[in-house]
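These are my notebook entries on one structure. I set down what I looked up, in the order in which I looked.

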Amino acid sequence: VISGTSCATINFIVKNWLGLLIVSILPMAVIFALCILAYLVFRGVFEFLTTVDFNNHQAAVEVMRKYFTLMPQLFAIEIAALFAMAWLLVRIVRFRENGDSNIWVGSKGEFSAALYTILYGLGIGMLTMLAYMAVIIGAMIIGLIIFGLGQLSFVFYFLLVPLVIGVYFSLFWFSCRFYVGMPAVALGETPDFFTELWNLSRGESFAVPIRLLVSMIVICIPFYIVCFAFIFPNIDILQNAIKNLPDHQLSPEILNQIWHMILPLEVFLAIFNAAAYVYFSVFSAEVYSRFRAKRV
């Protein structure tokens, strides 16, 4: 039932771009406002760095003290952004399900569904971490056995790279077995982790992670091309500017230049992430809809 999911996702986005834009405006506005707030916080950090005498052995202590004083603000911004992203997922999934598009809160229980989405996401993350720890412990035991055999130790090094790739893909597959059911949470349901989420993709559990990996590769290629094309020339300019300084240390002018260099890239990154998030949200809703129809 997963065949053609990526094409269906792209077709839905193209045909319903206006509705997606409408349901995304409010959460996106919150997210961008939080990005601006984070920008102002980090701007204060850069301005603080211009006042630090790095020749003083206490400079590192001063910088860390400043960083720790800003941690509560940054943590609050991250929590608010996490909720806004979960809210955006809820609105997109519900729009994909019922077709209703409203700028303001358009369906009952959007905020509670966003909260449950975060809680389910954290639960899936914890389960994946437990699986990761189990894999690491198992790999250490196997490695110790192979190392103890001595003459077979070369086998371990020969298979190390494919083993690592296989382990990380297995963990990705493991988490996808749960995440395919997240749209159910966005729709206001409270499914069981193992009897409902885990069993939802039974029989086609590898189809989703493979398509997600391919989509990520296709999306990231133009992203990295743009980033490298933007960053490399600026890095060369900054390196030459630093070399021309008497003490080869960062000056307030250089820090200000770095800050202005980062800002356009941050804007591009925010827009790119927003577009990618919409795509993967619609993709997850499409996958869930097909799996749910299969079970019925």
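**Entry 1: V278**

Which residues does V278 touch, not counting residues up to four places away in sequence? I worked on a predicted model, and there I found V278 in contact with L20, S24, M28 and I92. I located V278 in helix α10. I then asked whether V278 is buried or exposed. Its relative accessibility is 13%, and since buried means under 20%, V278 counts as buried. I also looked up I13, which lies 265 residues from V278 in sequence, yet the two C-alpha atoms are 8.5 Å apart in space.

**Entry 2: Overall fold**

I next turned to the protein as a whole. I recorded 10 helices and zero strands. The chain has 296 residues, and 34% of them are buried. Among contacts with a separation of 6 or more, 79% join residues 24 or more positions apart. The protein exposes about 17800 Å², of which carbon and sulfur atoms supply 73%.

**Entry 3: Helix α6**

I checked the length of α6, residues 160-179. Its 20 residues should span 28 Å at 1.5 Å a residue, and the end C-alpha atoms are indeed 28 Å apart, so the two values agree. I noted the buried residues of this helix as L171, W173, F174, S175, C176, R177 and F178.

**Entry 4: Nonpolar cores**

Which residues touch the most other members of the largest nonpolar core? I listed I2, V180, V208, F283, V287 and F291, out of 13 residues in this core. Two elements, α9 (207-243) and α10 (252-295), give two or more residues to this core. The largest share, five residues, comes from α10. I followed F291 further: leaving aside residues up to four places away in sequence, F291 touches V1, I2, V180, L200, S201, E204 and V208. Apart from this core lies another, of 12 residues, and V278 from my opening entry is among them, as are I31, A84 and I92.

I also looked up A276, which is found in helix α10. With 14% relative accessibility, A276 counts as buried. The C-alpha atoms of A276 and C220 are separated by 9.5 Å, although their positions lie 56 residues apart along the chain as a separation.

**Entry 5: Salt bridges**

How many salt bridges does the structure hold? I recorded five. One of them joins R91 and E110, with the closest N and O atoms 3.4 Å apart. This pair links helix α3 to helix α4, its partners being 19 residues apart. I found R91 buried, with a relative accessible area of 4%, and E110 buried, also with 4%.

The side chains of R96 and E286 meet in a salt bridge at 2.7 Å, N to O. Here helix α3 is linked to helix α10 across 190 residues of sequence. E286 also meets R290 in a salt bridge, at 2.9 Å. Because E286 and R290 are four residues apart in helix α10, about one helical turn separates them. I noted E286 as buried at 9% relative accessible area, whereas R290 is partly exposed at 21%. R96, E286 and R290 are thus entered as linked in a network of salt bridges.

**Entry 6: Surface patch**

Last, I examined the surface. W17, L18, L21, I25, I103 and W104 form a nonpolar patch there, with about 670 Å² of accessible area together. I placed W104 in the loop between α3 (59-98) and α4 (110-149). W104 counts as exposed, its relative accessibility being 63%.

Technical notes: Residues numbered from 1 in each chain as written. Predicted model: local features only at pLDDT ≥ 70, side-chain atom pairs only at ≥ 80, totals over all residues. Heavy atoms only, no water. Core = buried A, V, L, I, M, F, W, Y, C linked by side-chain atoms within 4.5 Å. Buried < 20%, exposed > 50% of the residue type's maximum accessible area, 1.4 Å probe, protein only. Contact = heavy atoms within 4.5 Å. Patch = residues over 30% accessible without salt bridge, like charges linked within 9 Å, V, L, I, M, F, W, Y side chains within 5 Å. Areas by Shrake-Rupley, 256 points an atom, 1.4 Å probe, with all protein chains shown as cover. Salt bridge = Lys/Arg side-chain N within 4 Å of Asp/Glu carboxyl O. Expected span 1.5 Å × (residues − 1).
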